[in-house]
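Visitor: Hey, can you walk me through this one?

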Amino acid sequence: MDIKRVFENNKVWITRQLQTDSNYFERLSQGQSPAMLYIGCSDSRVTAEELMGLQPGEVFVHRNIANMVPNSDLNVMSVIHYAVDVLKVSHVVVCGHYGCGGIKAAMQQADLGILNPWLRNIRDVYRLHRRELDAIEDEEHRYNRLAELNVQEQCINVIKTAEVQKAVYERKLTVHGWIFDMATGKLIDLAIDFEKITKDIAAIYKIVPSEVSLEMNM
Ligand SMILES: [Zn+2]
């Protein structure tokens, strides 16, 4: 890649933006109020804004290997906190993709150093859905199903956070699980039944606001 080209492209982009709106950068610098938090994979082929046709300012983005939401990852938890509590987004999306290298790597035995604990989170998803996944004979099909189930489990991790539970209750925040199919370019809504999942896990993960739990302890 020619790095010079990046700066040339930037100049062309500035000119093009100003041609359609002479106040574009003035408005952009005034602040952001995105309606969506998008959590996706770092894969270079799975861009966030471009595949959704969104512009700068419209989506708050977090990307990591295999679009994970580990409960103790300070990075993704800070992003969720800021997007939900401060930016007040209305939608949280976890978007996975077929042909995900992170999912494939987790299914292989190779020692990948610092990646091992990260990929272990995906192996946990496999363990939870082992019966269904082991019954799929075609390897490619099994990886793709794991990518879907991983999106579902990461959405559950989103729902488990106190910020999201509060926002779902108070202002009807919605959580979505999607898959990007690179072979066709299509974005697929996995139509995960969050109402059912939330009810199923409520007894375990429900977080009572601190004022109430303090009263309960006294
Ligand atoms: Zn990926």
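Guide: Sure, we'll chat about the metal site and then a helix. It's a predicted model, where local features need pLDDT of at least 70, side-chain atom pairs count only at pLDDT 80 or more, and totals for chains, interfaces and linings use all residues. Residues are numbered from 1 along each chain as its sequence is written, and side-chain values use heavy atoms, with hydrogens and water left out.

Visitor: Cool. What coordinates the zinc ion?

Guide: Cys 41 (SG), His 97 (NE2) and Cys 100 (SG) do, at 2.0 to 2.3 Å. Donors here are N, O and S atoms within 2.8 Å of the metal (3.2 Å for Na, K and Ca); water is not among the atoms, so sites may look incomplete.

Visitor: And where in the chain do Cys 41 and His 97 sit?

Guide: Cys 41 is in strand β1 (residues 36–41) and His 97 in strand β3 (residues 91–97), 56 residues apart. Helices (H or I, at least four residues) and strands (E, at least two) are DSSP runs, numbered from the N terminus.

Visitor: Is His 97 buried or exposed?

Guide: His 97 counts as buried, because its relative accessibility is 1%. Buried means under 20% relative accessible area, exposed over 50%, partly exposed in between (1.4 Å probe, protein chains only).

Visitor: New topic: which residues of α10 are buried?

Guide: Phe 194, Ile 197 and Ile 201. On the other side of α10, Glu 195, Lys 199 and Ala 203 are exposed.

Visitor: What do the buried ones pack against?

Guide: The buried residues of α10 pack against α8 and β4 (174–181), with contact meaning heavy atoms within 4.5 Å.
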